[in-house]
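I opened the notebook to record what I looked up, starting with the ligand and ending with one residue late in the chain.

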Amino acid sequence: MRILVLGAGFGGLELATKLSEELGDDLDLVLIDKGEGFVFGFSKLDVMFGKTVPEGVFHPYRHIDKPGVRFVQASILSIDPAAKTVETDAGTFAADVMVVALGADLDPSATPGLVAGGNELYTVAGAFALRDVLADFPGGDVIVAVTSTPFKCPPAPSETALLMHDHLTALGVRDASSIALVMPMAVPIPPSPEASKALLAAFAERGIAWHPDRLVRGLDPGRKVALLTDGSEMAYDLFLGVPVHHAPPVVAESGLTVDGWIPVDPLTLETAFTDVYAVGDVTSVGTPKAGVFAEGQASVVAEAILARIREGGATRAYDGHGTCYLEFGHAMVARVDVTFLSGAAPEGALEGPSDAIALDKQDFGATRVRRWFGRTWDGRAPSSA
Ligand SMILES: Cc1cc2nc3c(=O)[nH]c(=O)nc-3n(C[C@H](O)[C@H](O)[C@H](O)COP(=O)(O)OP(=O)(O)OC[C@H]3O[C@@H](n4cnc5c(N)ncnc54)[C@H](O)[C@@H]3O)c2cc1C
């Protein structure tokens, strides 16, 4: 049975790894991605704030060496979910089972003025470019803001504001600066009142201004002001925006999406097309767009595929569970454990922040780099064989 996995991000890498671990050379899986390598979302913040360099967080796909897995670097140009075929710039691929794990595309140009007058911190290129901007920042009014919903990793803007406080303090310009955080939600992490309370207390302690229930809809670079959805304006010297997200165009054009994202059965991750699954940020499954959820969904799909290949065996319904790490600044990390889709309102328990959880987060990255790429990684230096 030929399995085609579209996208080698959190979801695609986990799916290919789990199936290879179980089936070895009996697996026939093609993993396609247009990129040369993988970067964890959280590594973008590490590079931005000068804790490491781009080479230290880049995991080249050429290191993927797994029984039964063939990695193809190619851009997917069209997807036919009924025929389970894809056209790429490296040829056509056909599958018996197809898994779409193409993530969310980011579109900074969709926010007027953002490209000309601001910075975005969510793409690899944007975050890496911010490293130099932040290293030389002389101090001033800083805004960290979300420009549209949905957006990946809802805690990331809050983490950015806290890390910005440390960064400006280390540069000796915190007293000459202000930090404002503009978010569409009423509290920083709605499913976890405990985490929200701790974050709001941390913002207050550090003098970070919290602006809930609004977005930045554009910038006026000439006047250096951000234009908010509530009609107000906010002056800035440095603007860091979370850009507009949408499904990759190739997915939107395939007929798989409804209201912009791929609807799936929340328990099985099956799409409306037979033998076509979708996992991660490209779906509207009901969990936040974050790597841990993409990974959990990939694991459930892997078990379904295994049961089918083995003509039996355990399968699992997806439970919407995920553990998110939360940078609090001062080199401390907290952990939020949350379950969506259980029928009850999600409620996330908070642990920390602490030094010990910062080490757990490092281990979280190291474990995945070991499993996905067969390499050793300390979170900062390039991985080694
Ligand atoms: C600043 C920041 C911090 C974050 N921190 C965390 C965190 O601490 N924990 C966490 O769980 N999540 C975090 N995230 C979110 C996390 O990175 C994403 O939610 C996760 O990567 C989604 O996984 P995915 O498999 O759905 O998609 P992705 O990992 O985005 O993978 C999709 C892949 O598809 C490929 N692709 C897209 N279109 C095409 C095409 N046409 N042809 C070929 N290939 C294509 C892309 O190159 C990409 O490799 C963070 C994100 C950001 C921006």
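I looked first at the shell around the ligand, which draws at least three residues from each of domain 1 (2–104 + 247–318) and domain 2 (106–239), with bounds that come from an automatic or database domain assignment. I noted that this is a predicted model, in which local features need pLDDT of at least 70 and side-chain atom pairs count only at pLDDT 80 or more, while totals for chains, interfaces and linings use all residues. Residues are numbered from 1 along each chain as its sequence is written.

I then asked which residues come nearest to the ligand. Of the 35 around it, these are Gly7, Gly9, Gly41, Gly103 and Gly280, where a residue counts as near if its C-beta atom, placed from the backbone, lies within 6 Å. Helix 2 (41–48) is among the elements supplying at least two shell residues, and its four are the largest share; helices here are DSSP runs (H or I, at least four residues), numbered from the N terminus.

Next I turned to helix 1 (residues 10–23), whose 14 residues should span 20 Å at 1.5 Å a residue (times one less than the number of residues), and its end C-alpha atoms are indeed 20 Å apart. Eleven of its residues are buried, including Phe10 and Leu23, which means that 20 or more other C-beta atoms lie within 10 Å of their own.

Last, I checked threonine 376, in the segment after helix 9 (355–373). Threonine 376 counts as exposed because it has 12 C-beta neighbours inside 10 Å, and the cut-off for exposed is 12 or fewer.
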